[in-house]
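Hi everyone, thanks for making time for this. I'd like to walk you through some charged pairs and then a bit of surface, so have a look at the picture first.

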Amino acid sequence: MPSSFTDRTRGLVRDEALERAAELLVAGGWRGLRLQDVADGIGVSRQTLYNEFASKQGLAAALVLRRTEEFLADLEAALDGEDDLHRAWSGAVRTTLDTVARDPLLRVLLTGQGAGDLLPLLTTEAEPLVVAARDRAARFLLRRRPELDPATASAAAEIAARLTISHLVLPLHPPDDVADQIATAVVRYLADP
């Protein structure tokens with residue numbers, strides 16, 4: 001078989017597995033998600049899923065990254081529609097908080113709701129999530145302010161991503177206040193890095 005066919009087949013199995021895992025995760029939470037149920041739901045062996053994701057945690061990490069990429073594409077489009085940098089960041093953070101509150105899959109994935117085992121995806125193992133958010137937001141900043149040093153744009157974007165994730169894990173203030181605080185921090189950082 002040509003490798004492109006194998007890669008395509010692998011991609012389809014991966015997509016189907018992530019879709020089925022998302023359904024099971026929303027329906028039964030983290031504790032109710034079993035690789036065997038995902039495998040049975042898409043007609044592959046459990047070993048096939050282990051080969052692709054290595055573990056249940058690996059499957060969850062892939063699901064977080066995929067859903068985050070989808071969400072960030074929508075968020076980036078919203079950012080591009082705003083000229084004022086503070087309003088853009090405030091709106092982006094608020095959109096993030098609102099979307100997570102509305103989206104049952106994101107709520108389970110990003111808040112670890114009912115799943116202490118998911119918490120590392122937002123803390124000690126959050127690098128893929130932070131990197132994806134940082135890179136998208138840094139590209140937005142550099143499009144908006146091409147005179148910025150790329151390292152400064154990346155640092156500001158990472159600050160925003162980390163603060164937003166922190167609020168998702170432990171919300172202490174109303175979403176509007178958090179959005180304003182994070183936007184203010186980013187704008188001030190960019191003014192005097």
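Let's begin with a count: there are eleven salt bridges here. Please keep in mind that we are looking at a predicted model. If the term is new to you, the general idea is that side chains of opposite charge can pair when their charged atoms come close. I'll take a few of these pairs in turn.

Start with helix 1, which covers residues 3–28. Here the side chains of Arg20 and Glu23 form a salt bridge, with 3.0 Å from N to O. How far apart are Glu23 and Arg20 in helix 1? They are three residues apart, which is about one turn of the helix. That spacing is handy, because an α-helix has 3.6 residues a turn, so residues three or four places apart point the same way. As for the surroundings, Glu23 is partly exposed at 46% relative accessibility, and Arg20 is also partly exposed, at 26%.

Now a pair of another kind. Asp176 and Arg94 meet through their side chains in a salt bridge of 2.3 Å, N to O. This one links distant parts of the chain: Asp176 belongs to helix 9 (residues 175–191) and Arg94 to helix 5 (residues 85–102), with their positions 82 residues apart. Arg94 is partly exposed, with a relative accessible area of 25%.

Next, please find helix 7, residues 127–144. Its 18 residues reach 25 Å from the first C-alpha to the last, close to the 26 Å expected at 1.5 Å a residue. Within the numbering of that helix, Arg134 and Asp135 join their side chains in a salt bridge, again given as N to O, at 3.0 Å. Is Arg134 buried or exposed? Arg134 counts as buried because its relative accessibility is 18%, and the cut-off for buried is under 20%. Asp135, by contrast, is partly exposed at 29%. Arg134 has company: the buried residues of helix 7 also include Leu129, Val130, Phe140 and Leu141. And the pair is part of something wider, since Arg134, Asp135, Glu158 and Arg162 are linked in a network of salt bridges.

Let me finish on the surface. Val169, Leu170 and Leu172 form a nonpolar patch there, with about 290 Å² of accessible area together. Val169 lies in helix 8, which covers residues 150–169, and Val169 is partly exposed, with a relative accessible area of 31%.

That's my tour, and I'm happy to take questions!

Key: Residues are numbered from 1 along each chain as its sequence is written. This is a predicted model: local features need pLDDT of at least 70, side-chain atom pairs count only at pLDDT 80 or more; totals for chains, interfaces and linings use all residues. Side-chain values use heavy atoms; hydrogens and water are left out. Patches are made of residues with over 30% relative accessible area and no salt bridge: like charges are joined within 9 Å, nonpolar side chains (Val, Leu, Ile, Met, Phe, Trp, Tyr) within 5 Å. Accessible areas come from the Shrake-Rupley method with a 1.4 Å probe; for residues, only the protein chains shown count as cover. A salt bridge is a side-chain nitrogen of Lys or Arg within 4 Å of a carboxyl oxygen of Asp or Glu. Helices (H or I, at least four residues) and strands (E, at least two) are DSSP runs, numbered from the N terminus. Buried means under 20% relative accessible area, exposed over 50%, partly exposed in between (1.4 Å probe, protein chains only). The expected span of a helix is 1.5 Å times one less than its number of residues.
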